[in-house]
Amino acid sequence: MSGRAQLMWDDAVTGYDFGESHPMDPVRLALTMGLVRAFGLDGAVDVVAAKPAGDSTLRLVHREDYVAAVRAASADPKRADQRYGLGTVDDPAFAGMHEASALIAGQSVAAAEAVWRGDTTHAVNFAGGLHHAMPGGAAGFCVYNDPALAIARMLELGAERIAYVDVDVHHGDGVQTAFWEDPRVLTISLHEHPRTLFPQTGWPEETGSGAGEGSAVNLALPAGTGDAGWLRAFHAVVPELLADFRPQVLVSQHGADTHFEDPLAHLAVSLDAQRAVMAACHDLAHEYAEGGRWVALGGGGYAVVDVVPRSWTHLVGIAAHAPVDPESVIPSSWRDEVYARTRQLGPARMTDGRTPSWKPWEEGYDPADRLDQAVLATRRAAFPLRGLLT
């Protein structure tokens with residue numbers, strides 16, 4: 001396999017734009033790529049622009065009538081059919097919506113193809129991770145489900161075991177739905193508890209069905225969970241499952257909306273803990289996936305200046321085996337770009353000043369602690385279905 005990671009990027013992905021008042025501002029993508037360049041990481045990876053996903057690829061996950069509805073809304077936003085989740089507050093229709101959505105999906109699919117075929121070991125598409133889109137509808141700011149499409153494409157190419165780890169603050173419901181009955185795909189989602197956050201799914205008892213029973217794992221975290229709890233939960237569930245499943249490829253989704261500054265959710269995770277989980281996913285891919293195969297995606301994240309660009313620049317650096325020192329001073333050229341685009345002042349360093357640590361699950365748990373209760377609920381619901389001890 002190639003020693004250089006691939007970074008999927010086309011400036012046109014910033015055309016995925018729901019409008020000025022929408023939380024998912026595409027400036028977050030442009031600023032991330034600007035910060036990647038400011039640190040010279042574009043020289044440490046192969047920057048690749050892939051073609052949009054075609055209809056045959058989109059139909060690996062999405063219904064034909066839904067793709068047709070997206071095309072119609074894209075051509076005339078006033079014709080958006082809300083029965084498909086289009087033209088809603090969450091997913092407003094906009095001209096060129098199909099083209100922009102298919103382009104983002106195409107980057108994730110191409111990343112998966114490159115990793116599966118051995119062109120590269122790691123591939124990143126931080127514009128992707130749009131995990132809420134369903135086979136027949138848009139949802140939660142997502143039109144086409146690029147993580148599910150990337151996985152489905154690798155299955156089409158012959159993959160037999162793919163693990164999907166989603167650490168976005170929201171449940172990875174669309175990906176779970178796509179592979180609910182498929183034992184070839186293990187979906188693991190860590191997210192804020194559905195009692196307090198969209199999409200109100202992702203309960204521990206959701207474990208798949210039919211041949212896929214035990215192939216969905218959900219860890220619902222209490223609102224307010226911070227670094228120590230988030231990292232404890234991740235390490236109490238994910239490594240053991242991957243060690244047992246031994247995926248051929250690890251696909252991970254790194255929504256930055258777990259951050260304590262994010263305006264749409266209620267976890268209290270720092271940039272430094274996000275970076276620690278990215279590094280853990282990288283290490284787990286090398287330890288358990290065949291040849292270290294890793295496809296890393298973006299996702300949510302609505303603190304578009306202070307958090308998202310720094311978080312995903314760390315992701316690119318880790319995938320490139322050229323990690324950015326958290327104490328690094330951010331180049332003034334990028335901060336000038338931030339001000340020019342947003343009239344906001346950009347952050348000065350690549351850290352929140354935290355030193356994340358956690359207590360390993362193996363050292364025991366507190367039955368009165370809400371975080372430990374959440375971990376135990378997940379292990380009790382999912383682990384026995386996989387032949388693992390709780």
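Student: Why is Trp361 called buried?

Tutor: The relative accessible area of Trp361 is 10%. Buried means under 20%, exposed over 50%, and partly exposed in between, with a 1.4 Å probe and protein chains only. The value for Trp361 falls under the first cut-off, so Trp361 is buried.

Student: What makes Tyr365 partly exposed?

Tutor: Tyr365 has a relative accessible area of 41%, which lies in the middle class, so it counts as partly exposed.

Student: What kind of model do these values come from?

Tutor: The model is predicted, so local features need pLDDT of at least 70 and side-chain atom pairs count only at pLDDT 80 or more, while totals for chains, interfaces and linings use all residues. Residues are numbered from 1 along each chain as its sequence is written, and side-chain values use heavy atoms, leaving out hydrogens and water.

Student: How many aromatic pairs are there in the whole structure?

Tutor: A search finds nine. One of them joins Phe141 and Tyr302, an edge-to-face pair with 5.6 Å between centres and 85° between planes.

Student: Where in the chain are Phe141 and Tyr302?

Tutor: Phe141 is in the loop between β3 (122-125) and α5 (146-156), and Tyr302 is in the loop between β8 (294-297) and α9 (308-319). They are 161 residues apart, so the pair links distant parts of the chain. These helices (H or I, at least four residues) and strands (E, at least two) are DSSP runs, numbered from the N terminus.

Student: Are Phe141 and Tyr302 buried or exposed?

Tutor: Phe141 is buried at 10% relative accessible area, and Tyr302 is buried at 11%. Trp361 and Tyr365 form another aromatic pair, a stacked one, with 5.2 Å from centre to centre and 5° between the planes.

Student: Why is the pair of Trp361 and Tyr365 called stacked?

Tutor: Rings of Phe, Tyr and Trp (its six-membered ring) pair if their centres lie within 6.5 Å; planes under 30 degrees apart count as stacked, over 60 as edge-to-face and the rest as tilted. The planes of Trp361 and Tyr365 are 5° apart, so the pair is stacked. Besides the pairs, Trp9, Phe126 and Trp312 form one aromatic cluster.

Student: How do you know that the charged end of Arg293 sits over the ring of Trp116?

Tutor: The rule is that NZ of Lys or CZ of Arg is within 6 Å of the ring centre and within 35 degrees of the ring normal. The charged end of Arg293 is 4.6 Å from the centre of the Trp116 ring, so the distance part of the rule is met.

Student: How do the axes of α1 and α10 lie?

Tutor: The axes of α1 (residues 27-38) and α10 (residues 332-342) come within 9 Å and cross at roughly 165°. That makes α1 roughly antiparallel to α10. Angles under 35 degrees count as roughly parallel, over 145 as roughly antiparallel, 65 to 115 as roughly perpendicular and the rest as oblique. The axes are lines fitted to C-alpha atoms, for helices over the stretch in contact, and angles run from 0 to 180 degrees between N-to-C directions.

Student: Which residues of α1 and α10 meet?

Tutor: Among them are Val27 and Ala30 in α1, and Ser333 and Trp334 in α10. Contact means heavy atoms within 4.5 Å.

Student: What makes α1 oblique to α9?

Tutor: The axes of α1 and α9 come within 8 Å and cross at roughly 50°. That angle makes α1 oblique to α9, because it belongs to none of the other classes. The contact includes Arg28 and Thr32 of α1 and Val308 and Trp312 of α9.

Student: Is Val308 buried or exposed?

Tutor: Val308, in helix α9, has a relative accessible area of 0%, so it is buried. Not counting residues up to four places away in sequence, Val308 touches Arg28, Thr32, Ala256, Gly301, Tyr302 and Ala303.

Student: What is unusual about phi of Gln200?

Tutor: Most residues other than glycine have a negative phi, and most peptide bonds are trans. Phi of Gln200 is near 60°, a positive value. Gln200 lies in the loop between β5 and β6, as does Pro199, and the peptide bond from Phe198 to Pro199 is cis, with omega near 5°.
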